[in-house]
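Q: I am new to this structure. Please take a close look at one part of it, and then show me what lies around that part.
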Amino acid sequence: QLQLVESGGGLVQPGGSLRLSCAASGFSLDNYAFGWFRQAPGKEREGVSWISTSGGSTNYGDSVKGRFTISRDNANNTVYLQMNSLMPEDTAIYYCAAALFMPDDSPWYRRNRYDYWGQGTQVTVSS
């Protein structure tokens, strides 16, 4: 059974850091690109970051560029999102998603490009 499980969310003060993990089970990461999305209350789910199948290419939403870093560890079947300099507007449920054989020039921010989704992890940035 293919499954993605996010972890690492929580409550953090503005300016703090969190590292989210997305653990995959039931399949190998080798042929999948991964995206991180987030959804704040009353807002649509938006693309945060993306990493290519090879790990050689990454993309970021404008609001997180320079603060967030995506990475992958195929040996451990895990994708990460390091989030630094967190701000209250980063508060949301964060989801990881996997896309099989996704070309590097695909519109990574479109939700319908992904085949599998995790259940999400809550990130709250507040003093």
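Are D90 and R38 buried or exposed? Please start from that pair and work outwards.

A: Both D90 and R38 are buried. One caution before going on: this is a predicted model.

Start with the pair itself. The side chains of D90 and R38 form a salt bridge, with 2.9 Å from N to O. This pair connects distant parts of the chain. D90 sits in the loop between β8 (78-83) and β9 (92-100). R38 sits in strand β4, residues 32-39. The two are 52 residues apart. R38 counts as buried because its relative accessible area is 5%, under the 20% cut-off.

D90 has another partner. Its side chain also meets that of R67 in a salt bridge, at 2.7 Å from N to O. R67 lies in the loop between β6 (58-60) and β7 (68-73), while D90 lies in the loop between β8 and β9, so this bridge ties together parts that are 23 residues apart in sequence. R67 is buried, as is D90.

R38 has another partner too. The side chains of R38 and E46 form a salt bridge, at 2.7 Å from N to O. E46 is partly exposed, because its relative accessible area is 36% and that falls between the 20% and 50% limits.

Now put the bridges together. Through shared partners, salt bridges join R38, E46, R67 and D90 into one network. The count of salt bridges comes to four. Side chains of opposite charge can pair when their charged atoms come close.

Next, look at the rings. Strand β4 also holds F37, which forms an aromatic pair with W117 in strand β10, residues 116-117. The pair is tilted, with 5.0 Å between centres and 55° between planes. F37 and W117 are 80 residues apart, so to speak of distant parts of the chain fits here as well. F37 is buried, at 0% relative accessibility. W117 is partly exposed, at 28%. A search of the whole structure finds seven aromatic pairs. Ring pairs also link F27, Y32 and Y116 into a cluster.

A charged residue meets W117 as well. R45 lies over the face of W117, at 5.1 Å from the ring centre. R45 also lies over the face of Y95, at 3.7 Å from the ring centre.

Then turn to the nonpolar side chains. In soluble globular proteins, such side chains tend to be buried together. Here the largest nonpolar core has 28 residues. Those with the most contacts inside it are L4, F34, W36, F68, L81, M83 and Y94. The elements that give two or more residues to this core are β3, β4, β5 (46-51), β7, β8, β9 and β11 (121-125). Another core, of eight residues, lies apart from it. Its members include W50, A99, M102 and Y114.

Last, take one residue from strand β3. S21 is in this strand, which covers residues 18-25. S21 is buried, with a relative accessible area of 16%. Beyond its neighbours within four places in sequence, S21 is in contact with V5, E6, S7, W36, T78, V79 and Y80. S21 and V5 are 16 residues apart in sequence, and their C-alpha atoms are 8.0 Å apart in space. W36, one of the contacts of S21, is also among the residues with the most contacts inside the largest core.

Terms used:
Residues are numbered from 1 along each chain as its sequence is written. This is a predicted model: local features need pLDDT of at least 70, side-chain atom pairs count only at pLDDT 80 or more; totals for chains, interfaces and linings use all residues. Side-chain values use heavy atoms; hydrogens and water are left out. Helices (H or I, at least four residues) and strands (E, at least two) are DSSP runs, numbered from the N terminus. Buried means under 20% relative accessible area, exposed over 50%, partly exposed in between (1.4 Å probe, protein chains only). Contact means heavy atoms within 4.5 Å. Rings of Phe, Tyr and Trp (its six-membered ring) pair if their centres lie within 6.5 Å; planes under 30 degrees apart count as stacked, over 60 as edge-to-face and the rest as tilted. A charge sits over a ring if NZ of Lys or CZ of Arg is within 6 Å of the ring centre and within 35 degrees of the ring normal. A nonpolar core is a set of buried Ala, Val, Leu, Ile, Met, Phe, Trp, Tyr and Cys residues joined through side-chain atoms within 4.5 Å.
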